[in-house]
Amino acid sequence: MNDIYILNIIRDCLKLGYDTWQIKEYLDNRSVNNTIAFLKEEERLIQKQIQELNTTLHSIQTRIESLDHTKNIEFDTCKVQLYPKRYCRYLKEKIDQDEKIDFLLTKLTESMEEDISVLGNMDSGSIVEFKNNEYVYC
């Protein structure tokens, strides 16, 4: 029974990201205070995961709303639409095919601290410029 108890502690420690040295340190110095500290660290990590999940959930909900909005857009017309000022990151690349946009979004994600989810993302796009008597996507 004691071995199973130790294995369960090791499993819990591994889930929290402790390395083998930290696990050994905990097992060698088990006490009520160390267990409370252990559980508080576990609580902190769970709170962080909840925060990350809430951020992800909000992003998904925003993308669903944006996609629902596209149902009412007329795609065979051109119109000027004003948006409020917002943060923008610009990659100066020539886009000559739709597939290149995915590659450039990946490249952009690598330069940022956060991931850009492509599925249902309405917050990315390209700029059309008129150069050398032709329209080009940038």
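What share of the 138 residues of the chain counts as buried? I looked this up before anything else, and the figure is 15%.

**Entry: the model and its confidence**

I note that this is a predicted model. I find a mean pLDDT of 79 for the chain, with 70% of its residues at 70 or more. Where is confidence lowest, and where is it highest? The low end is strand β2, residues 134–137, with a mean of 62. The high end is helix α2, residues 20–28, with a mean of 90. I keep in mind that predicted coordinates should not be read in detail where pLDDT is low.

**Entry: the layout**

I count 4 helices and 2 strands in the chain. Going along the sequence, I read the order as α-α-α-α-β-β. I then looked at contacts between residues at least 6 apart in sequence, and 39% of these join residues at least 24 apart. For the accessible surface of the chain I have about 12,300 Å². Carbon and sulfur atoms account for 55% of that surface.

**Entry: helix α3**

Does the span of α3 agree or disagree with its number of residues? I took the 39 residues of α3 at 1.5 Å a residue, which should span 57 Å. The C-alpha atoms at its ends are 57 Å apart, so the two values agree. Next I listed the buried residues of α3, and they are Phe38, Leu45, Arg63 and Thr70. I see that these buried residues pack against α1 and α2.

**Entry: aromatic rings**

How many aromatic pairs are there? I find 2. For Tyr18 and Phe38, I have ring centres 5.8 Å apart and planes at 25 degrees; planes under 30 degrees apart count as stacked, so this pair is stacked. Tyr18 sits in the loop between α1 (2–15) and α2, while Phe38 belongs to helix α3 (residues 32–70), so the pair ties together parts 20 residues apart in sequence. I checked burial for Tyr18 and Phe38, and both are buried.

The other pair I looked up is Tyr26 with Phe38, which is stacked as well, at 5.1 Å centre to centre and 25 degrees between the planes. Here Tyr26 is in helix α2 and Phe38 in helix α3, so parts 12 residues apart in sequence are tied together. Tyr26 and Phe38 are both buried. I therefore write down Tyr18, Tyr26 and Phe38 as one aromatic cluster.

**Entry: salt bridges**

How many salt bridges does a search of the whole structure find? The search gives 4, and I followed up some of them. I note in general that side chains of opposite charge can pair when their charged atoms come close.

I looked at Arg11 and Asp12, whose side chains meet in a salt bridge at 3.3 Å, N to O. Asp12 has a relative accessible area of 25%, which makes it partly exposed. Arg11 is also partly exposed, with 44%.

In helix α2 I looked at Lys24 and Asp28. They form a salt bridge whose closest N and O atoms are 2.5 Å apart. Why are they separated by about one helical turn? Lys24 and Asp28 are 4 residues apart in the helix, and that gives about one turn. An α-helix has 3.6 residues a turn, so residues three or four places apart point the same way. I have Asp28 as partly exposed, with a relative accessible area of 49%.

I also looked at Asp68, which forms a salt bridge with Lys71, the closest N and O atoms lying 3.2 Å apart. Is Lys71 buried or exposed? Its relative accessible area is 65%, so I put Lys71 down as exposed. Asp68, at 38% relative accessibility, counts as partly exposed.

Technical notes. Residues numbered from 1 in each chain as written. Predicted model: local features only at pLDDT ≥ 70, side-chain atom pairs only at ≥ 80, totals over all residues. Heavy atoms only, no water. pLDDT = per-residue confidence, 0-100. Buried < 20%, exposed > 50% of the residue type's maximum accessible area, 1.4 Å probe, protein only. Contact = heavy atoms within 4.5 Å. Areas by Shrake-Rupley, 256 points an atom, 1.4 Å probe, with all protein chains shown as cover. Phe/Tyr/Trp six-rings, centres within 6.5 Å; stacked < 30°, edge-to-face > 60°. Expected span 1.5 Å × (residues − 1).
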